[in-house]
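These are my notebook entries on helix packing, strand pairing and charged pairs. I worked through one topic at a time.

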Amino acid sequence: MANEKILVVDDDKNICELLRLYLVKEGYDVTMAHDGAAALEAFDKLHPDLVLLDVMMPVMDGWEVCRKLRAKGDTPIIMLTAKGETYDKVLGLELGADDYIVKPFDAKEVTARIKAVLRRSTKEDDTKGVYDFDNLHLDMNRYELKVKGKVVEAPPKELELLACLAGHPNRVYTRDQLLDEVWGFEYYGDSRTIDVHVKRLREKLEGASDQWSLKTVWGVGYKFEVKE
């Protein structure tokens with residue numbers, strides 16, 4: 001963990017300083033930014049291992065920053081938000097955030113979440129694989145999805161969800177299991193983020209093959225069904 005780089009983005013300088021003190025104590029290198037534009041500039045210079053990103057900020061809000069960071073790669077992002085509504089949590093996850101923490105928070109909780117997300121992202125490097133089915137090719141080493149030989153653009157979380165299901169054909173997963181497997185933390189609130197991601201995946205995979213499908217198992221969850 002020594003000297004992993006954390007970019008802390010929040011317009012509240014007191015919160016930034018509090019987080020900086022705790023994180024430096026934990027052995028991280030910390031850089032701070034106080035608005036969205038400064039965050040993107042710092043990201044390009046620093047290439048951090050993880051970004052702590054506030055939602056409500058001047059110049060550019062956290063949602064837009066998250067979108068732009070995701071376009072650059074898969075650096076772990078933890079959203080910091082004063083809003084506890086399910087909509088905001090779901091939006092953050094759909095944009096590709098790895099976790100979210102609602103203010104007011106305990107600094108110890110933040111450091112624990114950071115460690116968990118970094119540990120998970122490191123572990124993923126060893127577990128990514130290639131999945132081939134009729135007219136479907138998913139390469140998690142490159143985060144690339146091909147349907148009928150053509151590359152289909154999809155956010156990282158959609159690909160990770162598909163890899164989880166396709167990696168265990170015909171196994172039924174509950175929504176909670178999928179949240180735990182793909183997002184890797186206990187999700188408080190409704191689980192409609194899974195439904196949204198499955199719906200978008202189905203749109204991209206529609207008509208690709210009659211040999212497999214993303215099936216809803218009513219009252220339980222979902223499975224990647226492959227015909228025997």
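**Entry 1: Arg113 and its partner**

I looked up Arg113 and recorded it as partly exposed, because its relative accessibility is 21%. I note at the outset that the model is a predicted one. Arg113 forms a salt bridge with Asp99, and the closest N and O atoms are 2.9 Å apart. I placed Arg113 in helix H5 (residues 107-127) and Asp99 in strand E5, 14 residues apart, so I entered the pair as a link between distant parts of the chain. I then asked whether Asp99 is buried or exposed. At 2% relative accessibility, Asp99 counts as buried.

**Entry 2: Arg70 and Asp98**

I turned next to Arg70, which forms a salt bridge with Asp98; the closest N and O atoms are 3.0 Å apart. Arg70 lies in helix H3 (residues 62-72), while Asp98 sits in the loop between helix H4 (86-94) and strand E5 (99-102), so the pair ties together parts that are 28 residues apart in sequence. I checked burial for both partners. Arg70 counts as buried at 13% relative accessibility, and Asp98 counts as buried at 12%. I also found that Arg70, Asp98, Lys157 and Glu160 are linked in a network of salt bridges.

**Entry 3: a pair within one helix**

I looked up Glu17 and found that it forms a salt bridge with Arg20, the closest N and O atoms being 2.7 Å apart. How far apart are Glu17 and Arg20 in helix H1? They are 3 residues apart in helix H1 (residues 13-25), which means a separation of about one helical turn. I recall that an α-helix has 3.6 residues a turn, so residues three or four places apart point the same way. Glu17 is partly exposed, at 29% relative accessibility. Arg20 is partly exposed as well, with a relative accessible area of 26%. For the whole model I recorded a count of 18 salt bridges.

**Entry 4: the sheet**

I traced an open sheet of 4 strands in the order E6-E7-E8-E9, with antiparallel pairing. E6 and strand E9 (150-152) stand at the edges with a single partner strand each, so one side of each is left without a neighbour in the sheet. Direction ignored, neighbouring strands of this sheet are turned by 20 degrees against each other on average.

I then examined the first two strands in that order. Strand E6 (residues 130-133) and strand E7 (residues 136-139) run antiparallel and are joined by 4 bridges. Asp132 stands opposite His137 in E7, and Phe133 stands opposite Leu136 in E7. The sheet also carries a helix: H6 packs on it, touching E6, E7 and strand E8 (144-147), and the direction of H6 makes about 110 degrees with that of E7. Which residue in the hairpin of E6 and E7 takes a positive phi? Asn135 does, with phi near 60 degrees, and the hairpin has 2 residues between the strands.

**Entry 5: helix H6 and its packing on H8**

I assessed how far H6 is covered and found 10 of its 11 residues buried. Among the buried residues of H6 are Lys157, Glu158 and Glu160, together with Leu159, Leu161 and Leu162. Lys157 and Glu160 also belong to the salt-bridge network noted for Arg70 and Asp98.

I looked up the packing of helix H6 (residues 156-166) against helix H8 (residues 192-205): the angle is about 85 degrees and the axes are 10 Å apart. H6 is therefore roughly perpendicular to H8. From H6, Lys157, Glu158, Leu161 and Leu162 meet residues of H8 that include Ile194, His197, Val198 and Leu201. By class, I entered 6 nonpolar, 1 polar and 4 charged residues for this contact of H6 with H8.

**Entry 6: helix H7 on H8**

I examined helix H7 (residues 175-183), which packs against H8 at an angle of about 80 degrees, with the axes 9 Å apart. H7 is therefore roughly perpendicular to H8. Arg175, Leu178, Leu179 and Trp183 of H7 make the contact with Thr193, Ile194, Asp195 and His197 of H8. I divided the residues of this contact into 4 nonpolar, 2 polar and 2 charged. I note that Ile194 and His197 are listed in the contact with H6 and in the contact with H7.

Conventions. Residues numbered from 1 in each chain as written. Predicted model: local features only at pLDDT ≥ 70, side-chain atom pairs only at ≥ 80, totals over all residues. Heavy atoms only, no water. Axes fitted to C-alpha atoms, helices over the stretch in contact; angles between N-to-C directions. Parallel < 35°, antiparallel > 145°, perpendicular 65-115°, else oblique. Contact = heavy atoms within 4.5 Å. Nonpolar A, V, L, I, M, F, W, Y, C, P; charged D, E, K, R; others polar. Salt bridge = Lys/Arg side-chain N within 4 Å of Asp/Glu carboxyl O. Buried < 20%, exposed > 50% of the residue type's maximum accessible area, 1.4 Å probe, protein only. Pairing = 2+ DSSP bridges.
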